[in-house]
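Biologist: I should like to learn how to read burial, contacts, helix faces and pockets from a set of coordinates. Could we work through one example together?

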Amino acid sequence: MIRLFAALPIPDDVADTLERRQSGLPGARWRARDQLHLTLAFYGEIEERRADDLAAELNRAAAGGPFDFTLRGVGAFGDSHRSHTLWAGVEANERLSVLAGRCRAAGERAGVVMERRDYRPHVTLAYLKPQTNPNRIGAWIVGHNLLHSPPIRARSFGLWSSVLTQDGSHYQLEQEYPL
């Protein structure tokens, strides 16, 4: 079994900007620079044979050519009781939505059981410990919500594997797909 997802990389200059914002919140487990990406589709744990099928199907998703997207604002995911994830938002972008839909369809064609939630593009900045003070989370969001990146050129996306460890996730690019 292998844990896979499709994602767009974050260029170094934008990663620099995001890293500078990763402080000032006790209880946040900040994502390392090599963990910053924009997920297109999460496939989860799948068999090696199905992973080969998925890799082949993703070739069809790469149509359409390069495009630009922009990060804007920050926020948190969670429920009514607590926030668990801090993220950088992404401006609405039709080309990005189409690519994410194609990556999802590639998974379905390969026989991957896909999650049934709406696509909400974002870059995960931190995971929050349960005891993180909600007032501090709100203050961090207010203090960083003016985030606005320059346009980011998406020239390719990747199929990434993820290995969960005690130190967090470790990602490896398995295959790259030019747009």
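Modeller: Let us begin with a single residue, Ser 156, which is found in strand β9. Please keep in mind that this is a predicted model.

Biologist: Is Ser 156 buried or exposed?

Modeller: Buried means under 20% relative accessible area. Ser 156 has a relative accessible area of 13%, so it counts as buried.

Biologist: Which side chain makes a polar contact with that of Ser 156?

Modeller: The side chain of Glu 176 does so, at 2.7 Å. Beyond the neighbours within four places in sequence, Ser 156 is in contact with Leu 8, Pro 9, Glu 176, Tyr 177, Pro 178 and Leu 179.

Biologist: How is a residue to be read when its contacts come from distant parts of the chain?

Modeller: One compares separation along the chain with separation in space. Val 74, in strand β5, offers a case: its C-alpha atom is separated by 7.9 Å from that of Leu 146, although the two residues are 72 residues apart along the chain. Val 74 is buried, because its relative accessible area is 7%. Leaving out residues up to four places away in sequence, Val 74 touches Trp 87, Ala 88, Gly 89, Leu 125, Trp 140, Ile 141, His 144, Asn 145 and Leu 147.

Biologist: Some of those residues lead to a helix. Which residues of helix α4 are buried?

Modeller: Here a general point helps. An α-helix has 3.6 residues a turn, so residues three or four places apart point the same way. In α4, residues 134-144, the buried residues are Ile 137, Trp 140, Ile 141 and His 144. Seen down the helix axis, they fall within an arc of 100°, so they line one face of α4. Asn 135, Val 142 and Gly 143 are exposed on the other side.

Biologist: What covers the buried residues of α4, and which residue caps its N-terminal end?

Modeller: The cover includes β2, β5, β6 and β7. The cap is Asn 133, with a side-chain oxygen 2.7 Å from the backbone nitrogen of Asn 135.

Biologist: May I apply the reading to α1? Which of its residues are buried?

Modeller: In α1, residues 12-20, they are Val 14, Ala 15 and Leu 18. These residues cover an arc of only 100° around the axis, and therefore sit on the same side of α1. Asp 12 and Arg 20 are exposed on the other side. Elements covering the buried residues of α1 include β5, β6, β7 and β8.

Biologist: Let us turn to pockets. What is the volume of the largest pocket, and how many residues line it?

Modeller: A pocket is read from its volume and from its lining. The volume of the largest pocket is about 1,200 Å³, and 35 residues line it, with Thr 39, Phe 42, His 122, Thr 124 and Tyr 127 nearest its centre. Strand β3 gives the largest share of the lining, 5 residues. By class, the lining has 13 nonpolar, 13 polar and 9 charged residues.

Biologist: Where does Thr 124 lie, and is it buried or exposed?

Modeller: Thr 124 lies in strand β7. Thr 124 is buried, because its relative accessible area is 14%. Its side chain makes a polar contact of 3.4 Å with the side chain of His 122. Apart from neighbours within four places in sequence, Thr 124 is in contact with Arg 31, Leu 36, His 37, Thr 85, Leu 86 and Trp 87.

Methods: Residues are numbered from 1 along each chain as its sequence is written. This is a predicted model: local features need pLDDT of at least 70, side-chain atom pairs count only at pLDDT 80 or more; totals for chains, interfaces and linings use all residues. Side-chain values use heavy atoms; hydrogens and water are left out. On a 1 Å grid over the protein atoms alone, a cavity is a set of points where a 1.4 Å probe fits but cannot get out, and a pocket is an open set with protein on both sides within 12 Å along at least five of seven lines; lining residues have an atom within 4 Å of a point. Grid points are joined across faces, edges and corners, and a volume is the space filled by probe spheres set on the points. Helices (H or I, at least four residues) and strands (E, at least two) are DSSP runs, numbered from the N terminus. Ala, Val, Leu, Ile, Met, Phe, Trp, Tyr, Cys and Pro count as nonpolar, Asp, Glu, Lys and Arg as charged, and the others, Gly among them, as polar. Buried means under 20% relative accessible area, exposed over 50%, partly exposed in between (1.4 Å probe, protein chains only). A polar contact is a pair of N or O atoms within 3.5 Å; within protein, one must be able to donate a hydrogen and the other to accept it, and residues adjacent in sequence count only if both atoms are side-chain atoms. Contact means heavy atoms within 4.5 Å. The arc is that of the directions from the helix axis to the C-beta atoms.
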